[in-house]
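Please open the model in a viewer and keep the sequence panel at hand. The tour moves from the whole chain to a single residue and then to a set of paired strands.

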Amino acid sequence: MNISVLFAQPTKKEPDGKIEKLSKELDAIINHDAKVEVIADGFGWVEGPLWIESKRMLLVSDVLNNTVYKWTPEKGKEVYLEHSGHTGTQPRTEELGSNGLTLNHKGQLLLCQHGDRRVALMNASLDDPKAEYITLANEYKGKKFDSPNDLIVKSNGDIYFTDPPYGLEKGVNNPSKAAPYQGVYKISKNGEVALLVDSISRPNGIAFFPGEKAY
């Protein structure tokens with residue numbers, strides 16, 4: 001396989017990059033002669049890449065433009081979902097779109113929404129996306145989240161996500177910031193929200209190690 005790269009600004013030349021493997025286990029999924037290549041550009045700022053094997057498509061959040069884009073080998077880059085992170089009528093600047101994307105065990109799209117400051121489920125099928133959402137979590141003990149950023153779903157259906165201040169206008173100086181910390185949270189299958197960590201100043205990406213320990 002080759003390593004695909006998405007560029008925010010248009011580029012006329014191939015990226016000057018290389019693949020460095022720190023573990024031999026990567027040889028099972030990345031060919032020794034894999035190359036870095038540009039597959040799409042012209043974005044504001046891309047985050048949250050999600051490859052959906054059953055649809056043979058890649059989804060990415062353009063955080064600045066409040067849009068999720070789709071890329072397929074057949075058609076390249078296309079708009080997939082507008083108003084992906086901010087659905088309100090109050091004007092917003094800076095990082096207002098969705099960020100992290102993933103699927104739950106039912107194959108439904110989950111989004112970390114900076115503008116709406118919540119983790120949400122798209123209430124539509126992957127084949128007919130719509131800016132209609134169900135809020136899964138938007139606060140903890142009455143305090144509004146800052147800007148949920150990345151998320152992952154455990155085998156039992158629990159959702160883990162990070163909540164840094166990046167999506168807040170003026171960051172930690174935003175007067176609407178509710179909690180005095182940045183958190184890593186869990187949404188249980190019953191919808192209960194639990195704070196797992198409050199000691200990281202800028203929690204960002206999240207993943208499971210073998211055995212499903214969250215790091």
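The stops below each give a selection and describe what is found there.

**The whole chain**

Begin with the entire chain in cartoon representation, bearing in mind that this is a predicted model. The chain contains 18 strands and zero helices. Aligned to its principal axes, the C-alpha trace spans about 50 × 40 × 35 Å. The radius of gyration is 18 Å, which agrees with the value near 17 Å for a compact globule because the chain has 215 residues.

Switch next to a surface view. The chain exposes about 12,100 Å², of which carbon and sulfur atoms supply 49%. Of the 215 residues, 42% are buried. Colouring by charge brings up 26 positive and 29 negative side chains; the centres of these two sets lie 3 Å apart.

Contacts are worth displaying as well. Taking those between residues at least 6 apart in sequence, 48% join residues at least 24 apart.

**N99 and its surroundings**

Select N99, which lies in strand β7, residues 98-103. Is N99 buried or exposed? Its relative accessibility is 2%, below the 20% cut-off, so N99 counts as buried.

Now show the residues that N99 touches, leaving aside those up to four places away in sequence. They include E47 and G48, S61 and V63, and C112 and H114. P148, N149 and D150 are also among the contacts of N99.

**Strands β14, β15 and β16**

Select residues 183-187, which form strand β15. Four of the five residues of β15 are buried, so that the strand is mostly covered.

Add residues 159-163, strand β14. β14 and β15 run antiparallel and are joined by five bridges. Within this pairing, F161 stands opposite Y185 of β15.

Then add residues 193-197, strand β16. β16 is also antiparallel to β15, with four bridges joining the two. Which residue of β16 stands opposite Y185? It is L195. A further bridge partner in β16 is V197, which pairs with V184. Y185 can thus be followed in both directions, with F161 opposite it in β14 and L195 opposite it in β16.

**The turn between β15 and β16**

Finish at the connection between these two strands. β15 and β16 form a hairpin with five residues between them. Select G191 in this turn and inspect its backbone: the phi angle is positive, at about 90°.

Terms used:
Residues numbered from 1 in each chain as written. Predicted model: local features only at pLDDT ≥ 70, side-chain atom pairs only at ≥ 80, totals over all residues. Heavy atoms only, no water. Rg over C-alpha atoms; globule rule 2.2 N^0.38 Å. Buried < 20%, exposed > 50% of the residue type's maximum accessible area, 1.4 Å probe, protein only. Contact = heavy atoms within 4.5 Å. Areas by Shrake-Rupley, 256 points an atom, 1.4 Å probe, with all protein chains shown as cover. Lys, Arg positive; Asp, Glu negative; His and termini not counted. Charge placed at Lys NZ, Arg CZ, Asp CG, Glu CD. Pairing = 2+ DSSP bridges.
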